[in-house]
Amino acid sequence: MKTTVLKVVGMTCQHCVKSVTKALQSVAGVQRVSVSLERGRADVEHAETVSPQRLVQAVVDAGYEAEELNQDAEEDEPRRQKITLNIESSLGMKGSPPRVGEGVIALSIEGMSCASCVAKVEKALRSLPGVLDASVNLATQRATVRVIPAHVTREQLKEAVRRIGYDVPEDRHDDHEAHLRHKLIISALLTTAIFLLMYPGMLGLRLPIPDTLNYWLQLLLATPVQFWAGWPFYRGAWAAARRKTTDMNTLIAVGTSAAYVYSALLPLFSAHGHMDLYFDTSAAIVTLILLGRLLEARARGRTSEAIKKLIGLQAKTARVVRDGQEQQIPIEEVRVGDIVIVRPGEKIPVDGIVIEGASAVDESMITGESLPVEKRPGDEVIGATLNKTGAFKFRATKVGRETALAQIIQLVENAQASKPPIARLVDLIASYFVPAVIAIALVTFVGWYLISPPEIALTKALLNFVAVLIIACPCALGLATPTSIIVGTGKGAEHGILIRGGEALETAHKLTTVILDKTGTLTKGRPEVTDIIPISGVAESDVLRLAAIAERGSEHPLGEAIVKRAQEQNLQLEEAREFVAVPGHGIRASLNGKRILLGNLKLMHDEQVALDGLDRQAEALAEAGKTPVFVAQDGRAIGIIAVADTIKEGSREAVAALKRLGLEVVMITGDHRRTAESIARQVGIERVFAEVLPHEKAEIVKQLQAQGQRVAMVGDGINDAPALAQADVGIAIGTGTDVAMEASDITLVGGDLRGVVRAIALSRATVRNIWQNLFWAFVYNTVLIPVAALGLLNPVLAAAAMGLSSVSVVSNALRLRRFRAPL
């Protein structure tokens, strides 16, 4: 047996996948077939007697294009140019995203108007050798193309798009909007003049113009509207016809042309009678559709405000020290290793590490957390955050595309360009929609022509034919999903929630269970002193001081926690002598001739230390999930210091909020059961998996999924990565490790667990918004197509309604900008 990999061009939906799979399975000797729509490829396991050429021919016979892929070349390409963004501890992200031309090429595209346009552009791009995949977003008017750089260039991609009737300008949005506005103004003026010529009486005017002159004036005014302002519709329709398909442009071009041509040729048939001209209909339809597209373009521009806000956060200049001199330079000129000076009230220009000074920094624009964060030498700072109080110097560690802000922007853009499963369903529906509408319009024309009185049969049939074509344009259908995804992912970024793609956003709303790792997720992940219990006659500070003196220089986490608390209280710590570590039990030391013991209960028993009832208090502390450390001096216990991994602020509220959302909350940890259950009680979790090994976490996720649960896993460590990858939605805490971030679908830039609640609530709001958009888009077409076919809808009103439907869908998506997090 051997495996052949084919690149398949022309697949646009799951129906195509089934066709290709069936064609390959029909070849004798083929054992297994796996076809990927997203990657445009088929993996075929077959007998050695089956040649790759035979497999290619089977795909071609099924109506698609195919070629054998060189697997060695694929291996050389770093994992098919997959975008992986590693996220660095406390900064959010590290590593450089693929640059344009290095695996991923982004194109702005002008002229797309519906889901059919999206399918056409994707098909054209995927047909090029060297293109691995293409994803087109109607709402942003952008294409994201994954390529093998040596095989295809940006110019070849642009040419492929232009060949099918679309433009690829460098600065699409502003130019496109200005161009639309220019065309709209001129066509509106010409259309107004046509209405004045047709209905002067409605305005109280009398125009003593012969019918023949009136006809020629209307024809003169309507022609530029039809063929200049409406030229994009013809270009798009012609491009679709060349590819033996149809789209929204087909409907508009055929509908308006029918009204225009009928009116233009009418004198040939009505030389001696009254002429019912419909230049007003064709011109008004073009003008109203242009108006709808202009409003739609403006609204779509507002959907990407989150990206614009992120870009606007960046500082423009930086104050650096070079050759001993302080210099103000553009941020683009900052280099790794530069010493940067930041004064109160200034933005931090790039990422780095503080080397001198201290301050409080507002990181809310990146993490979503409102309280300023104290920064001292050795702490990391994030570019684009705001320095509040003090001045400090830091060494630049990441600049340009490698900064946390640049990577966040890249991740949000990738998410906005992605397609959730629901969008693929809409694309499939749209591929059948336009041909069905044309068929309905033809039936409408024939029906009205046959049942109407002969003198008005052609006019009546034509008007209703045009009305059906115009009312049915599937613009709203194509905008329903991407606009909501764009606003939703952008809103997530504002709250410190980075969503990798539309699929994660869609899946998160279906969750039934949330698994929370304990250490670093529910808790702070570092031990802290929680209790100091001295015996009678001894001060707390004396117990803490002696313990810190003994532990000074220790690398054990418990010892570090004790020393840190002593330093916070500014206690004077002398140098201990005769320091001896007792593995697994504690330490021995001496100070000024006095013997100090620090350790667990067994060490106290071995050294025959008098406990004076402290052992009972230690047991109570252990029951609460804390680690009791006995402090003894000269054979007598003088107190206990309790150390524990304390619960993060907001963990209790987050667990309670998740329950209010109807989710089951589960805790998972490698700690022993008593500690795990104590933490669970404190935060309000009933179901606990304790003493779980790292590889067993993923197995527990699988068990819950086998029970029919939709599972989210929330974690921050390397040991959480397998479970994060196994879960339906993996959520990584931003203060965690790179590996955890890479395995996740959603990343919380800050360490606040309440971000999980916000992410799920945002997912539910976004998916609800998508379904609202789809409902109105489908209802609009389902209701108004029959109304138009029955002759109850004027074509001009149909054009206005069609434009309004697109604007209403985008406006509804914009409501997500008012999303308020439950916590």
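These are my notebook entries on a three-stranded sheet with its helix, and on one helix pair, in a predicted model.

**Ground rules.** I take local features at pLDDT of at least 70 and side-chain atom pairs at pLDDT 80 or more, while totals for chains, interfaces and linings use all residues. Residues are numbered from 1 along each chain as its sequence is written, and side-chain values use heavy atoms, without hydrogens and water.

**Entry: the sheet.** I looked up the strand order and found an open sheet of 3 strands, β5-β7-β6, with antiparallel pairing. Strands are DSSP runs of E with at least two residues, helices are runs of H or I with at least four, and both are numbered from the N terminus. Two strands pair if DSSP finds at least two bridges between them. β5 (104–108) and β6 (131–137) are the edge strands, each pairing on one side only. The twist averages 15° from one strand to the next. Angles run from 0 to 180 degrees between N-to-C directions; axes are lines fitted to C-alpha atoms, for helices over the stretch in contact.

I then checked β6 against β7 (residues 142–147): they pair antiparallel over 6 bridges. D133 has R146 of β7 as its bridge partner. Helix α5 (residues 154–163) packs on the sheet and touches β5, β6 and β7. Its direction makes about 40° with that of β5. Contact means heavy atoms within 4.5 Å.

**Entry: the helix pair.** I looked up α28 (residues 754–789) and α29 (residues 795–814). Their axes come within 9 Å and cross at roughly 170°. That makes α28 roughly antiparallel to α29 (over 145 degrees; under 35 is roughly parallel, 65 to 115 roughly perpendicular, the rest oblique). N769, Q772, N773, Y780 and L784 make the contact from α28.
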